[in-house]
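Morning, everyone. I have one structure to walk through today, and I'll keep it short. Let me put it on the screen.

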Amino acid sequence: MRTGSEPRTARSALRARLWLSVWGMAWVIAAIVVFVLLGHPGWAAACGVLLVLMAVDFGVIVRHIRQGPHFQPGRDVPPYEPPENRDR
């Protein structure tokens with residue numbers, strides 16, 4: 001049921017983001033190896049920069065997971081409103 005407060009109380013699927021990040025880093029590492037073997041250092045360096053950005057994102061995701069299910073990004077974000085307990 002929509003309450004109208006979804007953007008305010010939305011939460012990210014952190015486990016899915018974690019595994020997508022791992023999958024992406026594996027592909028970027030493979031690309032770096034291939035570009036180095038083919039002799040394209042510019043492309044390898046570009047993939048290296050992408051790998052660093054992905055590693056930072058991975059760290060942020062892990063930090064959010066460790067903070068628990070009610071992670072709040074800042075003081076200006078209102079607390080998560082638990083769903084109403086309705087017996088049907």
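Start with contacts. Take pairs of residues at least 6 apart in sequence: 62% of the contacts between them join residues at least 24 apart. Keep in mind that this is a predicted model.

Now the layout. The protein has 3 helices and 0 strands. Along the sequence, the pattern reads α-α-α. How much of the protein is buried? Of its 88 residues, 17% count as buried.

Next, a helix pair. Look at helix 2, residues 14-38, and helix 3, residues 41-66. Their axes come within 9 Å. They cross at roughly 160°. Anything over 145 degrees counts as roughly antiparallel, therefore helix 2 and helix 3 get that label with respect to each other. What is the hand of the crossing? Helix 2 passes helix 3 in a left-handed crossing.

And what sits in that contact? By class, the contact of helix 2 with helix 3 has 21 nonpolar residues. To these add 4 polar and 3 charged residues.

Let me zoom in on one residue of helix 2. Phe 35 is placed there. Is Phe 35 buried, partly exposed or exposed? Its relative accessibility is 22%, so Phe 35 counts as partly exposed; the cut-off for buried is under 20%.

What does Phe 35 touch? Leave out residues up to four places away in sequence, and Phe 35 touches His 40, Trp 43, Ala 44 and Cys 47. One backbone distance to go with that: the C-alpha atoms of Phe 35 and Ala 45 are 9.1 Å apart. Along the chain, Phe 35 and Ala 45 are 10 residues apart.

Last topic, aromatics. A pair of rings is described by two numbers, the distance of the centres and the angle of the planes. The count here is 2 aromatic pairs. I'll show one of them, Trp 23 with Trp 27. Their ring centres lie 5.9 Å apart. The planes stand at 75°, so this pair is edge-to-face; the label needs an angle over 60 degrees.

Where do the two sit? Trp 23 and Trp 27 are both in helix 2, 4 residues apart, so about one helical turn separates them. Are they buried or exposed? Both Trp 23 and Trp 27 are exposed.

To recap: the pattern is α-α-α, helix 2 and helix 3 are roughly antiparallel, and Trp 23 and Trp 27 form an edge-to-face pair. That's it from me.

Terms used: Residues are numbered from 1 along each chain as its sequence is written. This is a predicted model: local features need pLDDT of at least 70, side-chain atom pairs count only at pLDDT 80 or more; totals for chains, interfaces and linings use all residues. Side-chain values use heavy atoms; hydrogens and water are left out. Axes are lines fitted to C-alpha atoms, for helices over the stretch in contact, and angles run from 0 to 180 degrees between N-to-C directions. Helices (H or I, at least four residues) and strands (E, at least two) are DSSP runs, numbered from the N terminus. Angles under 35 degrees count as roughly parallel, over 145 as roughly antiparallel, 65 to 115 as roughly perpendicular and the rest as oblique. A crossing is left-handed if the near helix is turned anticlockwise from the far one by less than a right angle, and right-handed if clockwise. Ala, Val, Leu, Ile, Met, Phe, Trp, Tyr, Cys and Pro count as nonpolar, Asp, Glu, Lys and Arg as charged, and the others, Gly among them, as polar. Rings of Phe, Tyr and Trp (its six-membered ring) pair if their centres lie within 6.5 Å; planes under 30 degrees apart count as stacked, over 60 as edge-to-face and the rest as tilted. Buried means under 20% relative accessible area, exposed over 50%, partly exposed in between (1.4 Å probe, protein chains only). Contact means heavy atoms within 4.5 Å.
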